[in-house]
Amino acid sequence: MSNTFVALGNIVNEPEIKQVNGTDVLKFKVANNVGYGDRQQTNWIMCDLWGTRASSLHNLLSKGREVQVSGVLTLREYTDSSGAQRLSPDLRCNEVNLTRNKAADTNVQSVSEHTAPVEDDMPF
């Protein structure tokens, strides 16, 4: 069973591209605000984009850029520097859409040609 998670937010750090077993992986963090007023909170979502899409989008994404990301969300457990157990939402992106760039005041740009569905070795 799979889920699909969609979030709109700003990229928090400069996207970093790495190689994993010969495949490009683009990693970046998105800050997603939910709620309003005193009830507003920020979710920090670690995103990764695999394959040729990663290298294609690397030059289009930058810190502060607003993006809409969607994909499969998992919760990763880790121990922080103080020894406390934490959960981190990790998103394996199936799609990344560039939204309005306030600096250039451009319209929404879809990069769907770079965001074909992830091909897994699933039996179905």
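In this report a residue is called buried when its relative accessible area is under 20%, exposed when over 50%, and partly exposed in between (1.4 Å probe, protein chains only). The structure is a predicted model, in which local features need pLDDT of at least 70 and side-chain atom pairs count only at pLDDT 80 or more, while totals for chains, interfaces and linings use all residues. Residues are numbered from 1 along each chain as its sequence is written, and side-chain values use heavy atoms, with hydrogens and water left out.

**Overall architecture**

The chain contains one helix and seven strands, arranged along the sequence as β-β-β-β-α-β-β-β. Helices (H or I, at least four residues) and strands (E, at least two) are DSSP runs, numbered from the N terminus. Of the 124 residues, 28% count as buried. The accessible surface of the chain is about 8300 Å², and carbon and sulfur atoms account for 48% of that area; such areas come from the Shrake-Rupley method with a 1.4 Å probe, and for residues only the protein chains shown count as cover. Among contacts (heavy atoms within 4.5 Å) between residues at least 6 apart in sequence, 53% join residues at least 24 apart.

**Strand pairing**

Two strands are taken to pair if DSSP finds at least two bridges between them. Strand E1 (residues 5-11) pairs with strand E5 (residues 66-79) in the antiparallel sense over six bridges, and here Asn10 stands opposite Glu66 in E5. E1 also pairs with E3 in the antiparallel sense, over two bridges; in E3, Val30 stands opposite Ile11.

**Salt bridges**

A salt bridge is a side-chain nitrogen of Lys or Arg within 4 Å of a carboxyl oxygen of Asp or Glu. By this rule the count comes to three, and the table gives the pairs.

| Pair | Closest N to O distance |
|---|---|
| Glu16 and Lys18 | 3.6 Å |
| Arg76 and Asp90 | 2.8 Å |
| Asp80 and Arg86 | 2.9 Å |

Glu16 is partly exposed at 43% relative accessibility, and Lys18 is likewise partly exposed, at 39%. In the second pair, the side chains of Arg76 and Asp90 meet at 2.8 Å. This pair links distant parts of the chain, with Arg76 in strand E5 and Asp90 in strand E6 (residues 85-98), 14 residues apart. Arg76 is partly exposed at 39% relative accessibility, whereas Asp90 is buried at 15%. In the third pair, Asp80 counts as buried at 18%, and Arg86 is partly exposed at 42%.

**A buried arginine**

Arg53 lies in helix H1 (residues 52-57). Arg53 is buried yet has no salt bridge, and the nearest side chain of opposite charge, Asp48, is 8.0 Å away. For charge, Lys and Arg count as positive and Asp and Glu as negative, while His and the chain ends are not counted. The side chain of Arg53 does reach the backbone oxygen of Trp50 at 3.2 Å and the backbone oxygen of Asn94 at 3.2 Å.

**A residue with positive phi**

Most residues other than glycine have a negative phi. Asn21 is not a glycine, yet has a positive phi of about 50°. Asn21 is found in the loop between strand E2 (16-20) and strand E3 (23-34), and is exposed, with a relative accessible area of 79%.

Terms used
A polar contact is a pair of N or O atoms within 3.5 Å; within protein, one must be able to donate a hydrogen and the other to accept it, and residues adjacent in sequence count only if both atoms are side-chain atoms.
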